[in-house]
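Reader: Hey, can you walk me through this model? I'd like to go through it bit by bit.

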Amino acid sequence: MSGIVVVGAQWGDEGKGKIIDIFSSHADYVVRYQGGANAGHTLNVSGKQTILHLIPSGILHPHVQCIISSGVVLDVFSLIDEIANLKQAGYLKNKNQLLISESSAMLFDYHKQLDQAREHQAGSKKIGTTGRGIGPAYEERISRRALLFGDLFLDDEKLKEKLIKASKEVLFLLTHYYKQEAPSIDSLWEKLKKARDTLAPYRHSNTSLIIDQALKEGKKVLFEGAQGTLLDIFQGTYPYVTSSATTAGSALTGAGLGWSNIKKVLAVSKTYTTRVGHGPFPSECTPEEQLYLEEKGQERGATTNRRRRCGWLDLVALKYAIRLNGINSLALMKLDILSGLDTVKVCTAYNINGRRIHEYPVHFEQLSQCQAVYKEFPGWKQDLSRIVSFDDLPLTARQYIHFIEEELKIPIDIISVGPNREEVIERSSLF
Ligand code: GDP
Ligand code: IMO
Ligand code: MG
């Protein structure tokens, strides 16, 4: 039983990629189980930055077997670019390092076109999606029309037949409802035929079996979540969410394994909060505070380069994430960004219509009316990036962390103090 699920505890971009990269040095497998190329996971190693969208964040470690499992929506051409970029940078030298489930659903440009057309039409009421076609691709899967990755390797005519059937409704919507020019399915088919040779080395018919065998042999498997708890399609801030289940249970369904394989759920959270896209955000900070966090924290999306909205750490939301995911360990990221502030705030409750509440209200209308109640802490000025031991942190930073730990009732086992791989304080070993 050595499976560890790593989930985002907030609205994504918590630093999951960095955590997976660090612990990959002790891991045997890293598995992506949901989401698609809406994810942007940043790794900073030896002065070089790598941003991954579909490929698991263990890929920089040649000994790690990376798996994209069936819960993921596979943007075929974005994947090809990602593979090419990694190879050019000297990674993925051994093609066996990456396995892709033949049961993952393929995502094409027409999904992106529909995603963007909907957002455009919604105007100010849009969700603020990444435009990567995630909603339409999952809809196709759920409605049982999707082309699975394994279908790519069918004979030419069968592939075309399936492609026409799968795309029919989206093309109808694009042409007749959104009045747009529909993409040519013939040219997509031609492109897909050419993609086969590039992707064939990575196909696998039963990745769930591979993972099961690895776990039975006592191998260390990391399950890499994408997005974050509050973007979960069922438990998040609906409708301002993504189209997959992002909570820890999704690792089981997306990768295809039983719950008893999971030893630990490690959540990743920033020491403050960010959100890309629209939707309620009770602890969103004032414009001046926002400017500080956005600039110092370089809060721009790794996938879309959009500005991330910033706010203070929200313990009400984190407690909700702990309950939903069964989190038993926390990685607290970007502590260095708070250095320099006179006061650091933490949201401990919400006020709603004159009432004080401590439970996260998931309904959009209720959450939109919540106002954050803050506890304030004295800040610290020191540069933290070289600190590797908890005891060497400034006293006020330690007090702030102790308070969070006591409130959440789970250990903060990892504290990140900079974007680079080695800028981390490990208080206890993960495996
Ligand atoms: P992910 O989607 O959860 O993997 O996170 P992203 O990569 O989208 O965003 C996290 C950003 O924060 C990236 O630019 C990371 O390089 C950066 N980052 C991660 N941890 C730290 C940290 O402790 N300090 C600072 N300054 N940056 C960090
Ligand atoms: P990682 O894995 C942050 C957000 C979008 C939008 C909503 C729906 O890097 O943490 P979608 O394109 O999924 O239909 O958009 O979800 N979103 C993310 N925000 N990090 C992500 O991934 C995200 N993936 C989607 O901004 O609000
Ligand atoms: Mg990201």
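Author: What follows is a chat about a predicted model.

Reader: What are the ground rules?

Author: Residues are numbered from 1 along each chain as its sequence is written, and chains are lettered from A and ligands numbered from 1 in the order in which they are written. Since you asked about rules: local features need pLDDT of at least 70 and side-chain atom pairs count only at pLDDT 80 or more, while totals for chains, interfaces and linings use all residues, and side-chain values use heavy atoms, with hydrogens and water left out.

Reader: OK, pockets. What volume does the second largest pocket have?

Author: About 660 Å³. A pocket here is an open set of points on a 1 Å grid over the protein atoms alone, where a 1.4 Å probe fits, with protein on both sides within 12 Å along at least five of seven lines. The volume is the space filled by probe spheres set on the points, and grid points are joined across faces, edges and corners.

Reader: Which residues lie nearest its centre?

Author: Thr42, Asn44, Arg308, Lys334 and Pro419, out of 28 lining residues. A lining residue has an atom within 4 Å of a point.

Reader: And how does the lining divide by residue type?

Author: 5 nonpolar, 13 polar and 10 charged. Ala, Val, Leu, Ile, Met, Phe, Trp, Tyr, Cys and Pro count as nonpolar, Asp, Glu, Lys and Arg as charged, and the others, Gly among them, as polar.

Reader: Which elements each supply at least two of those lining residues?

Author: Helix 1 (16-24), strand 3 (41-45) and strand 4 (48-52) do. Helices (H or I, at least four residues) and strands (E, at least two) are DSSP runs, numbered from the N terminus.

Reader: Staying with helix 1, is Phe23 buried or exposed?

Author: Phe23, which sits in helix 1, is buried, with a relative accessible area of 2%. Buried means under 20% relative accessible area, exposed over 50%, and partly exposed in between (1.4 Å probe, protein chains only).

Reader: What is Phe23 in contact with, leaving aside neighbours within four places in sequence?

Author: Leu222, Ile414, Glu426, Leu430 and Phe431. Contact means heavy atoms within 4.5 Å.

Reader: Switching to sheets. What order do the strands of the 10-strand open sheet come in?

Author: The order is 9-7-5-2-10-1-11-14-18-19, with mixed pairing. Strand 9 (203-204) and strand 19 (424-426) are the edge strands, each pairing on one side only. Two strands pair if DSSP finds at least two bridges between them.

Reader: How do strand 14 and strand 18 run?

Author: Parallel: 3 bridges join strand 14 (residues 329-333) to strand 18 (residues 412-416). Leu332 stands opposite Ile415 in strand 18. Helix 12 (residues 395-408) lies across both strands, at about 140 degrees to strand 18. For that angle, axes are lines fitted to C-alpha atoms, for helices over the stretch in contact, and angles run from 0 to 180 degrees between N-to-C directions.

Reader: What about strand 15, why call it enclosed?

Author: Because 8 of the 10 residues of strand 15 (residues 343-352) are buried, it is largely enclosed by the rest of the structure.

Reader: Which strands does it pair with?

Author: Strand 13 runs parallel to strand 15, joined by 2 bridges, and Asp314 stands opposite Cys347 in strand 15. Strand 17 (residues 371-378) is antiparallel to strand 15 over 8 bridges, with Val373 in strand 17 as the bridge partner of Ala349. Strand 16 (residues 355-357) is antiparallel to strand 15 too, over 3 bridges. Strand 15 and strand 16 form a hairpin with 2 residues between them, and Asn353 in the turn has a positive phi of about 45 degrees.

Reader: Any other backbone oddities to check?

Author: Most residues other than glycine have a negative phi, and most peptide bonds are trans. Gln227 has a positive phi of about 55 degrees, and Gln298 has one near 45 degrees. The peptide bond from Tyr238 to Pro239 is cis, with omega near 5 degrees.

Reader: Are those two glutamines buried or exposed?

Author: Gln227 is buried, with a relative accessible area of 8%, whereas Gln298 is exposed at 64%. Gln227 is in the loop between strand 10 and helix 8, and Gln298 is in the loop between helix 9 (287-296) and strand 13 (309-314).
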